[in-house]
Amino acid sequence: MTVSSAVTQIAAPPKTWLIYALATTVLWGFWGAFTDFPVRRGFPETLVYCVWSVTMILPALIVLARTSWRLDRNPRSIVYGLIIGLLGAGGQLVLFHALTIGPAYLIFPVISLSPVVTIAMSFVLLGERTNIVGAAGIVLALLALPLFDFSPQGFESKGLGWFVLAVTVMGCWGVQAFFMKLANRSMSAESIFFYMMITGLMLAPVAWAMTDFSRPVNWGADGLYLAAGIQLLNAVGALTLVYAFRYGQAIVVSPLTNAGAPLMTAVISLVVIGTLPGQLKLVGLILATIAAVLLALAPEEPGKAATDKKATTA
């Protein structure tokens with residue numbers, strides 16, 4: 001069967017990307033604030049991944065149904081979709097292993113710099129540009145990111161293999177964000193997310209195999225079911241992120257969402273849980289706040305109106 005796709009472009013309101021980017025930061029902010037709860041109650045992180053992959057199904061089917069089940073099935077779209085999904089889900093599985101041999105307080109700051117990869121690739125390969133306001137916001141966001149997770153503490157690492165793994169995850173997630181923007185130029189956001197869902201499910205057996213079932217697993221309400229509710233926030237946040245890349249520049253969307261989500265997590269943790277941030281995290285929060293404001297105020301890319309791309313198949 002021959003499959004062809006045409007892209008219909010409809011002018012979108014200004015700052016549409018910002019609405020979706022802020023939605024991502026809020027959803028991921030709540031997710032970040034509560035994601036450890038089921039883990040602390042005996043539900044392993046590897047199984048949390050499995051639950052997350054299942055929660056991706058509902059939003060994927062809902063948005064695909066809204067497009068009358070039009071799925072981009074041409075070879076390029078399939079390749080883009082699989083690249084995006086495998087880089088994201090594969091990076092998460094690599095992270096699981098990295099955390100078993102290295103210190104989290106060093107691994108996460110390295111991974112947090114993934115927007116550097118996205119920005120560099122989008123600048124060179126897509127020709128994306130911003131003005132001095134946007135550039136200042138990008139720089140401040142990149143400075144803030146490592147501070148959110150850096151909290152020195154004792155850890156006996158097993159060599160420097162964790163650093164290689166951390167850089168690998170950083171590269172995977174940075175390249176993934178670039179391909180999200182690239183794919184949005186030729187296929188629908190709904191199709192992108194559908195392929196992300198498929199690849200997440202494909203790798204779920206790997207996460208299952210990585211689980212240590214010699215320890216008790218909490219399959220109850222505050223384990224499995226709590227994880228499902230929290231991971232649904234993660235899944236919907238990933239969907240709104242795809243839409244943010246659809247309408248906005250990757251060099252702005254990537255640092256804003258990556259800095260904004262931890263900022264929201266810190267605020268939510270302070271208000272709901274009563275957890276006060278440390279000094280380094282407080283500095284990161286201040287920088288992230290200023291960065292978010294600057295990135296939100298940055299003008300749209302000159303000469304390129306945001307578009308709503310709808311793929312049709314025949």
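In the predicted model, T265 is in contact with W28, G29, G32 and A33, once its neighbours within four places in sequence are set aside. T265 is placed in helix α13, which spans residues 250–273. The C-alpha atoms of T265 and G32 lie 5.6 Å apart, although 233 residues separate the two in sequence. The relative accessibility of T265 is 16%, and the residue therefore counts as buried, the limit for that class being under 20%.

Helix α1 covers residues 16–34 and helix α12 covers residues 221–247; their axes come within 8 Å of each other and cross at roughly 160°. Because angles over 145 degrees count as roughly antiparallel, α1 is described as roughly antiparallel to α12. The handedness of this crossing is left-handed. On the α1 side, the contact is formed by T16, W17, Y20, A21, A23, T24, L27, W28, F30, W31 and F34. These residues meet a set in α12 made up of I230, Q231, L233, N234, V236, G237, A238, T240, L241, Y243, A244 and Y247. Sorted by class, the contact between α1 and α12 comprises 17 nonpolar residues and six polar ones, with no charged residues. W28 of α1 thus has a place in two sets of contacts, being listed among the residues that meet α12 and also among those in contact with T265.

A second helix pair is formed by α9 (residues 161–184) and α10 (residues 189–202), whose axes come within 9 Å and cross at roughly 140°. This angle makes α9 oblique to α10, since the roughly antiparallel class is reserved for angles over 145 degrees. In passing α10, helix α9 makes a right-handed crossing. Helix α9 contributes Q176, M180, A183 and N184 to the contact, and helix α10 contributes A189, I192 and M196. Five of the residues in the contact of α9 with α10 are nonpolar and two are polar, and none is charged.

Two residues with unusual backbone angles were also examined. S68 is not a glycine, yet has a positive phi of about 60°. The position of S68 is in the loop that runs between α4 (57–66) and α5 (75–101). With a relative accessibility of 53%, S68 counts as exposed. W69 likewise has a positive phi, of about 60°, and is not a glycine. The loop between α4 and α5 also holds W69. The relative accessible area of W69 is 52%, which places this residue in the exposed class, for which the threshold is over 50%.

Over the protein chain as a whole, the secondary structure consists of 14 helices and two strands. The chain has 314 residues, of which 50% are buried. Of the contacts in the chain with a separation of 6 or more, 92% are between residues 24 or more positions apart. The area exposed by the protein chain is about 14,200 Å², and 71% of this area is supplied by carbon and sulfur atoms.

Notes:
Residues numbered from 1 in each chain as written. Predicted model: local features only at pLDDT ≥ 70, side-chain atom pairs only at ≥ 80, totals over all residues. Heavy atoms only, no water. Axes fitted to C-alpha atoms, helices over the stretch in contact; angles between N-to-C directions. Helix = DSSP H or I, 4+ residues; strand = E, 2+ residues; numbered from the N terminus. Parallel < 35°, antiparallel > 145°, perpendicular 65-115°, else oblique. Left-handed = near helix turned anticlockwise from the far one by under 90°. Contact = heavy atoms within 4.5 Å. Nonpolar A, V, L, I, M, F, W, Y, C, P; charged D, E, K, R; others polar. Buried < 20%, exposed > 50% of the residue type's maximum accessible area, 1.4 Å probe, protein only. Areas by Shrake-Rupley, 256 points an atom, 1.4 Å probe, with all protein chains shown as cover.
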